[in-house]
Amino acid sequence: MTARGRFITLEGIDGAGKSSHVEFLRDRLRERCANIVVTREPGGTPFGEGLRAAVLHHPASALAEALAMFAARSAHIDAVIGPALASGAWVLCDRFSDSTYAYQCGGRGLEPAAFEALERLVHPALQPDATLLFDLDPALAAQRQAARGAAADKFERERADFFRRVREAYLERARRDPRRIHVIDAGGELGAVRERLASALRGALA
Ligand code: TYD
């Protein structure tokens, strides 16, 4: 029987820079497993990408947002993450359920308890083996976003206090689950962040 692959997730506030490290991480992971599946949330399937477009660009309640995230996640696990892990591939996923706790619960103020129940329904037997959390002061993250110059989606247009709450929710989850969630200081030069990332990854996969 093929051993289940590893499930690695990336998290952080908008502008913390996680997306610029995806290729680097894929290359590092290839040293450990020939088959790496890179995917993202919300999205990863046609159904999920449809929900992504809806949720990133149209106003909706925090609850509707959170339910859409879990609906997309359920389809993503069925069609992509679950089969890949079962085949022995390693999955690198840009955001997963920690994002819902950080954004919809921390940022928007929903109670996490209901989502713990939903999480048990949607992925009862699946948790990331390791989560790399890119941590950055929201003021610096906003500067990076502005420098990128890309059109902002609904979340990226949120104010600094929203991102302070999102960041705090992430850090609180990391304090509660330090074996899984590895916090990476995402400040400074790309090369320096990359070194910290490589070292966190070695620790996470040890
Ligand atoms: P992100 O993945 O950072 O994409 P990009 O780098 O293209 O902007 O953006 C997705 C947005 O969705 C991000 O602002 C966080 C938000 N999000 C939630 O609010 N809850 C969730 O559960 C997930 C997965 C994402």
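Where in the protein chain does Pro-42 lie? Pro-42 is found in the loop between β2 (36–40) and α2. The structure shown is a predicted model, and this report covers its overall fold, two backbone features and the surroundings of its ligand.

## Overall fold

The protein chain contains eight helices and five strands. Followed along the sequence, these elements come in the pattern β-α-β-α-α-β-α-α-β-α-α-β-α. The pattern thus begins with a strand and ends with a helix.

The protein chain has 206 residues, and a compact globule of that length would have a radius of gyration near 17 Å. The value for the protein chain is 16 Å, so it agrees with a compact globule. Along the principal axes, the C-alpha trace spans about 50 × 40 × 30 Å.

## Two backbone features

Most peptide bonds are trans, and most residues other than glycine have a negative phi. Two places in this model depart from those patterns.

One is the peptide bond joining Glu-41 and Pro-42, which is cis, with omega at about -10 degrees. As said above, Pro-42 belongs to the loop between β2 and α2. The other is Arg-95, a residue other than glycine with a positive phi, near 80 degrees. Arg-95 is placed in the loop between β3 (90–94) and α4.

## Where the ligand sits

The ligand sits in the largest pocket. Around the ligand are 17 residues, of which Asp-14, Arg-52, Thr-100, Gln-104 and Glu-156 come nearest. By type, the residues of this shell divide into five nonpolar, four polar and eight charged.

Three helices, α2 (46–57), α3 (62–86) and α4 (97–107), each supply at least two residues of the shell. Helix α4 gives the most, with four residues.

## Polar contacts of the ligand

Which atom of the ligand is 2.8 Å from an N or O atom in the side chain of Gln-104? It is a nitrogen atom of the ligand. Oxygen atoms of the ligand also have polar side-chain atoms at short range: one of Asp-14 lies 2.9 Å from a ligand oxygen, and one of Lys-18 lies 3.5 Å from a ligand oxygen. Taken alone, the ligand exposes 560 Å², and the protein buries 90% of that area.

Asp-14 and Gln-104 thus appear twice in this account: both are among the residues that come nearest to the ligand, and a polar side-chain atom is listed for Asp-14 as well as an N or O side-chain atom for Gln-104.

Notes: Residues numbered from 1 in each chain as written. Predicted model: local features only at pLDDT ≥ 70, side-chain atom pairs only at ≥ 80, totals over all residues. Heavy atoms only, no water. Near = heavy atom within 4 Å. Polar contact = N/O pair within 3.5 Å; in protein donor to acceptor, adjacent residues only side chain to side chain. Areas by Shrake-Rupley, 256 points an atom, 1.4 Å probe, with all protein chains shown as cover. 1 Å grid on protein atoms, 1.4 Å probe; cavity = no way out; pocket = protein on both sides within 12 Å on 5 of 7 lines; lining within 4 Å. Sits in = over half its atoms within 2 Å of the grid points. Nonpolar A, V, L, I, M, F, W, Y, C, P; charged D, E, K, R; others polar. Rg over C-alpha atoms; globule rule 2.2 N^0.38 Å.
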